[in-house]
Amino acid sequence: MGCIQSIRCKPKSFRDSIIVQEVNTSIDPNPTSIDESSSVVLRYRTPHFRAQARVLVPPVAGKETWTIGWIQACNHMEFYNTYGNKGMSSWELPDLRDGKIQAISDSDGVNYPWYGNTTETCTVVGPTKKESKFTVSMNDNFYPSVTWGVPVSDSNVPQLSSIRRDQSFTTWLVAINQATSETLVLQTIRWRMRLHIQVDPEKPLAHRAVLNEPVAQEQPQILGKNEPIPSNAMVKPNANDAQVLMWRPKNGDPVVVIPPKY
């Protein structure tokens, strides 16, 4: 219906007027690379997850400030390094592991709740007379170091025999009103990274580790229906600060090797 002259037309809200023109996401096709150049640690680098969105914001009538960008949370983490018959070390997120929370923030640890504040976000300060077009992008991958020797031992004798990792994430394209904290979920992406490296510690350095399946990761999924952001994904601590490195021996009690940072 058109406007009746005596009634002023209400302008469309920010919620109704912001447009996501395009979203692209992928995990690079290259396999995980393994680096055995160190006699102390094995390093590996996984392919990158990437997400990019083009967003159109029509003119903002009021004195509003909106930030649009990427927020990410870890939903599941298994990260086990096996040392023959001695036991295994594992990076763990205790609250996530024990089912106390659904997800944990994967913020950079500074710009909560955002994944980062360079290419990852853009801020629109109203009032504006013209529409704003911009692109926000992010990428993520793993590049850890795993000791050849048992992490609770003074010995550096190679005993690492296997690395297994399976992590799942949800990544949201979000707009947040800086004054009111109104949060609009514009797009939801789910992705997963899996890894299995077999290691023969008896072999010479540079010939020990072999990448098993999956060589290529499954591609991310853009959900047809957006998912809400769990409250833990918006606040401290982030996954890096909350994780703890445990040593779980075949015999005996578990030992905390590296406690959480928070």
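## Exercises on a predicted model

Ring pairs link F49, F142, F169 and W191 into a cluster. The structure is a predicted model, and the exercises below begin with this cluster.

### Exercise 1. The aromatic cluster

Determine how F49 and W191 are arranged as an aromatic pair, and state where each residue lies.

Solution. Begin with the count, which comes to 4 aromatic pairs in this model. In the pair of F49 and W191, the ring centres are 4.3 Å apart and the planes differ by 5°. Planes under 30 degrees apart count as stacked, and the pair of F49 and W191 is accordingly described as stacked. Next, locate the residues: F49 belongs to strand β4 and W191 to strand β12, 142 residues apart, and the pair thus links distant parts of the chain. Finally, consider accessibility, for which the cut-off for buried is under 20%. F49 counts as buried because its relative accessibility is 0%. W191, with 4%, counts as buried as well.

Describe the pair that W191 forms with F169.

Solution. The centres of F169 and W191 are separated by 4.5 Å, with 15° between the planes, and this pair is also stacked. F169 is in strand β11 (residues 162-177) and W191 in strand β12, so the pair ties together parts that are 22 residues apart in sequence. Both F169 and W191 are buried.

### Exercise 2. A charge over rings

Identify the rings over which the charged end of R165 sits.

Solution. One ring is that of F79, whose centre is 4.1 Å from the charged end of R165. Another is the ring of F142, with a distance of 3.8 Å to its centre. F142 is also a member of the ring cluster described at the outset.

### Exercise 3. An open sheet

Give the strand order of the open sheet of 3 strands, and explain which strands stand at its edges.

Solution. The order is β1-β4-β9, and the pairing is antiparallel. β1 (19-27) and β9 (132-140) each have a single partner strand, so one side of each has no neighbour in the sheet; these are the edge strands. From one strand to the next, the twist averages 10°. Strand β4 (residues 49-57) is joined to β9 by 9 bridges. Within this pairing, V57 has S132 of β9 as its bridge partner.

### Exercise 4. The nonpolar cores

State which residues touch the most other members of the largest nonpolar core, and which strand gives the most to it.

Solution. The largest core has 52 residues, and F14, V57, I68 and W70 touch the most other members. Strand β12 (residues 183-199) gives the most to this core, namely 8 residues. Another core, of 9 residues, lies apart from the largest one; A73, W114, W172 and V174 are among its members. As a general background, nonpolar side chains in soluble globular proteins tend to be buried together.

### Exercise 5. The surroundings of M234

Is M234 buried, partly exposed or exposed?

Solution. First, place the residue: M234 is in the loop between β14 (221-222) and α3 (239-242). M234 counts as partly exposed because its relative accessibility is 22%. Beyond residues up to four places away in sequence, M234 touches I71, Y112, P113, I176, T183 and I229. The C-alpha atoms of M234 and I258 are 25 Å apart, with their positions 24 residues apart along the chain.

### Exercise 6. The whole chain

What share of the 262 residues of the protein chain counts as buried?

Solution. The share is 45%. The protein chain has 3 helices and 16 strands. Its C-alpha atoms fill a box of roughly 85 × 35 × 25 Å along the principal axes.

Definitions and conventions: Residues are numbered from 1 along each chain as its sequence is written. This is a predicted model: local features need pLDDT of at least 70, side-chain atom pairs count only at pLDDT 80 or more; totals for chains, interfaces and linings use all residues. Side-chain values use heavy atoms; hydrogens and water are left out. A nonpolar core is a set of buried Ala, Val, Leu, Ile, Met, Phe, Trp, Tyr and Cys residues joined through side-chain atoms within 4.5 Å. Buried means under 20% relative accessible area, exposed over 50%, partly exposed in between (1.4 Å probe, protein chains only). Helices (H or I, at least four residues) and strands (E, at least two) are DSSP runs, numbered from the N terminus. Two strands pair if DSSP finds at least two bridges between them. Axes are lines fitted to C-alpha atoms, for helices over the stretch in contact, and angles run from 0 to 180 degrees between N-to-C directions. Contact means heavy atoms within 4.5 Å. Rings of Phe, Tyr and Trp (its six-membered ring) pair if their centres lie within 6.5 Å; planes under 30 degrees apart count as stacked, over 60 as edge-to-face and the rest as tilted. A charge sits over a ring if NZ of Lys or CZ of Arg is within 6 Å of the ring centre and within 35 degrees of the ring normal.
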